[in-house]
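Please look over the model below with my notes beside it. The points are short and can be checked one by one.

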Amino acid sequence: MKLSAARMVVTGAQTPLGREILTVLSDSGAIKTHIIPLESGRLNGEQVAFGDEHSLDIQAQETFDFNGIHAVIHAG
């Protein structure tokens with residue numbers, strides 16, 4: 001499977017490591033609609049940068065349904 005086709009979750013998306021992982025994924029050609037940033041519920045609905053021109057909505061880790069996810073990158 002190509003990286004661009006994989007559906008991935010990044011936990012700890014607002015941590016420095018999480019933000020760096022999102023930058024690397026963006027630079028590597030991952031499709032932004034296939035990347036889901038997760039954080040604790042208190043940050044649900046906030047946004048995090050995905051590359052220089054895009055941002056992603058943070059979803060609550062506690063209630064997220066992992067069905068259909070190909071990889072989880074834990075950064076926090």
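1. Histidine 74 counts as exposed, because its relative accessibility is 57% and the cut-off for exposed is over 50%. The residue is found in strand E6. Bear in mind throughout that this is a predicted model.

2. Which side chain does histidine 74 join through a polar contact? The partner is threonine 11, and the contact between the two side chains is 2.6 Å. Glutamate 62 makes a useful second reference point for histidine 74. The two residues are 12 apart along the chain, and their C-alpha atoms are separated by 14 Å.

3. Now the sheet. Four strands form it, it is open, and the order reads E5-E2-E1-E6. The pairing is parallel. Strands E5 (59–60) and E6 (71–74) stand at the edges. Each has a single partner strand, so one side of each is left without a neighbour in the sheet. In general, strands of a sheet pair through backbone hydrogen bonds, either parallel or antiparallel.

4. How many bridges join E2 to E5? Two, and these strands run parallel. For a register check, take leucine 38: glutamine 59 in E5 stands opposite.

5. Glutamate 39 deserves a careful look. Its place is in strand E2, which covers residues 35–39. Glutamate 39 is buried yet has no salt bridge. The nearest side chain of opposite charge belongs to arginine 42, 5.3 Å away. A salt bridge needs the nitrogen within 4 Å of a carboxyl oxygen, so arginine 42 at 5.3 Å does not provide one.

6. What does the side chain of glutamate 39 reach at 2.8 Å? The backbone nitrogen of glutamine 14. Leaving aside residues up to four places away in sequence, glutamate 39 touches Gly12, Ala13, Gln14 and Thr15, as well as Ile58, Gln59, Ala60, Gln61 and Glu62. Glutamine 14 thus appears both in that list of contacts and as the owner of the backbone nitrogen.

7. Last, the aromatics. A search of the whole structure finds one aromatic pair. Phenylalanine 64 and phenylalanine 66 form it, with 4.9 Å centre to centre and 85° between the planes. Is the pair stacked or edge-to-face? Edge-to-face, because planes over 60 degrees apart fall in that class.

8. The two rings belong to residues in separate burial classes. Phenylalanine 64 is buried, because its relative accessible area is 14% and the cut-off is under 20%. Phenylalanine 66, at 37% relative accessibility, counts as partly exposed.

Notes
Residues are numbered from 1 along each chain as its sequence is written. This is a predicted model: local features need pLDDT of at least 70, side-chain atom pairs count only at pLDDT 80 or more; totals for chains, interfaces and linings use all residues. Side-chain values use heavy atoms; hydrogens and water are left out. Rings of Phe, Tyr and Trp (its six-membered ring) pair if their centres lie within 6.5 Å; planes under 30 degrees apart count as stacked, over 60 as edge-to-face and the rest as tilted. Buried means under 20% relative accessible area, exposed over 50%, partly exposed in between (1.4 Å probe, protein chains only). Lys and Arg count as positive and Asp and Glu as negative; His and the chain ends are not counted. A polar contact is a pair of N or O atoms within 3.5 Å; within protein, one must be able to donate a hydrogen and the other to accept it, and residues adjacent in sequence count only if both atoms are side-chain atoms. Contact means heavy atoms within 4.5 Å. Two strands pair if DSSP finds at least two bridges between them.
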